[in-house]
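This report walks through one protein chain, from single strands out to the whole fold. Keep the structure open while reading.

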Amino acid sequence: MSQPDERETVDLGLAGSAAVITGGSKGMGLAIAQTLAAEGARVAVMSRGRAALDAATESLLAAGAPDAVGISVDMSDAASIAAGFEEVRDRWGELNSLVHAIGPGGGYFEEMDDTEWDAAFGLGTMSGVRSIRAALPMLRSADWARIVTLSAHSIQRQSPRIVAYTAAKAALSSVTKNLSRSLAKDGILVNCVCPGTIVTASFTENLKDILAAEGLDATNPVDVMTWIANNFHHPCDLGRAGLPEEVASITTYLASRRNGYVTGATVNVDGGSDFI
């Protein structure tokens with residue numbers, strides 16, 4: 001009888017490290033937080049909703065985090081962000097990995113006034129700027145440090161219905177690239193991940209009736225990509241939408257000590273798309 005394959009695990013060097021994931025109470029942010037927890041990192045997740053934060057914290061401890069905390073932060077408010085990172089400092093005194101996974105809402109150009117544009121950039125760009133600024137003293141004093149921001153593949157493949165979202169995410173991607181250069185001297189590696197269409201719980205909840213009207217299942221990655229291709233003309237080579245854990249795996253590597261030489265990269269996680 002043949003024996004099962006014995007596969008060597010890759011040590012990402014995250015055991016005992018400290019990580020913050022903004023927007024980490026649900027969706028892709030939670031998947032990233034859970035993957036970091038499973039690697040042995042202490043994990044703090046930041047978002048507004050207390051119930052979601054408490055549920056996320058329980059899941060992180062169950063996944064293997066030696067310590068986990070949910071911190072209620074309004075990512076549209078500079079003072080709230082600063083206070084959230086002060087709580088991290090008070091709890092751990094250090095930080096190795098910052099993953100910023102916050103994004104604004106959508107809207108067509110003609111439908112959006114200045115207030116809505118300001119809100120989109122406040123949440124989609126400035127929340128990242130403020131989070132990184134608040135985290136930098138801890139990151140600079142750590143033995144090793146990584147920053148990963150989550151942008152979107154729409155910065156390369158435009159959609160009119162999310163014009164402000166895309167503009168804010170493009171600005172965040174630019175800030176990330178710039179910081180990779182200025183922080184290189186500190187040994188801080190900075191990268192940007194651009195997810196494509198990802199089947200999160202919120203995606204399914206928001207679009208289940210719309211897809212159902214076309215005979216499609218919003219929980220099925222193949223059906224979801226069929227809908228995207230039919231309505232937005234943005235298919236992908238693999239023919240299906242992605243899953244949160246598929247974004248989490250590459251993000252966790254980039255946020256880990258194991259990543260020693262990737263910085264300034266914009267990484268597409270989109271099932272294969274030809275951006276022209």
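## Strand β2 and its partners

V20 has its bridge partner in β2: that partner is A44. The model is a predicted one. The V20 pairing belongs to a longer register, since five bridges join strand β1 (residues 18–22) to β2. These two strands run parallel.

Strand β2 covers residues 42–47 and also pairs with β3. That pairing is parallel too, over five bridges. Within it, M46 of the pair is matched by I71, its bridge partner in β3.

How many of the six residues of β2 are buried? Six of the six are, so β2 is largely enclosed by the rest of the structure. Buried here means under 20% relative accessible area. In a regular strand, side chains alternate between the two faces of the sheet. Both faces of β2 are covered. R42, A44 and M46 are buried on one side. V43, V45 and S47 are buried on the other. A44, the bridge partner of V20, and M46, the bridge partner of I71, are thus named on one side of β2.

Strand β3 (residues 68–72) is mostly covered as well. Four of its five residues are buried.

## Selected residues

Five residues outside these strands are listed below, each with its relative accessible area.

| Residue | Relative accessible area | Class |
|---|---|---|
| A152 | 5% | buried |
| T197 | 14% | buried |
| D77 | 33% | partly exposed |
| E245 | 48% | partly exposed |
| H233 | 62% | exposed |

Start with A152. It is found in the loop between β5 (145–150) and α5 (163–182). Why does A152 count as buried? Its relative accessible area is 5%, and the cut-off for buried is under 20%. Leaving out residues up to four places away in sequence, A152 touches Y165, K169, V193, C194 and P195. P195 is 43 residues from A152 along the chain, yet their C-alpha atoms are separated by 5.2 Å.

T197 sits in the loop between β6 (188–195) and α6 (201–212). At 14% relative accessibility, T197 is buried. With residues up to four places away in sequence set aside, its contacts are H153, F203, V224, M225, I228, A241 and G242. Another C-alpha separation is to V269: 8.9 Å in space, 72 residues in sequence.

D77 occupies the loop between β3 and α3 (78–92). D77 is partly exposed, at 33%. From D77 to S127 the C-alpha distance is 7.9 Å, with their positions 50 residues apart in sequence.

E245 belongs to helix α8. At 48%, E245 counts as partly exposed. The E245 and A63 C-alpha atoms are 14 Å apart, across 182 residues of chain.

H233 lies in the loop between α7 (221–232) and α8 (244–254). What is notable about the phi of H233? It is positive, about 60 degrees, although H233 is not a glycine. Most residues other than glycine have a negative phi. H233 is also exposed, with a relative accessible area of 62%.

## The whole chain

Now the global numbers. The protein has eight helices and seven strands. Of its 276 residues, 49% count as buried.

How does the radius of gyration of the protein agree with that of a compact globule? For 276 residues, a compact globule would come near 19 Å, and the protein has 19 Å, so the two agree. Along its principal axes the C-alpha trace spans about 65 × 50 × 40 Å.

Take the contacts with a separation of 6 or more. Residues 24 or more positions apart account for 71% of these.

The accessible surface comes to about 13200 Å². Carbon and sulfur atoms hold 51% of that surface.

Charge comes last. There are 32 negative side chains and 21 positive ones. The centres of the two sets lie 7 Å apart.

Conventions. Residues are numbered from 1 along each chain as its sequence is written. This is a predicted model: local features need pLDDT of at least 70, side-chain atom pairs count only at pLDDT 80 or more; totals for chains, interfaces and linings use all residues. Side-chain values use heavy atoms; hydrogens and water are left out. The radius of gyration is taken over C-alpha atoms; the globule rule is 2.2 Å times the number of residues to the power 0.38. Buried means under 20% relative accessible area, exposed over 50%, partly exposed in between (1.4 Å probe, protein chains only). Contact means heavy atoms within 4.5 Å. Accessible areas come from the Shrake-Rupley method with a 1.4 Å probe; for residues, only the protein chains shown count as cover. Lys and Arg count as positive and Asp and Glu as negative; His and the chain ends are not counted. The place of a charge is taken as NZ of Lys, CZ of Arg, CG of Asp or CD of Glu. Two strands pair if DSSP finds at least two bridges between them.
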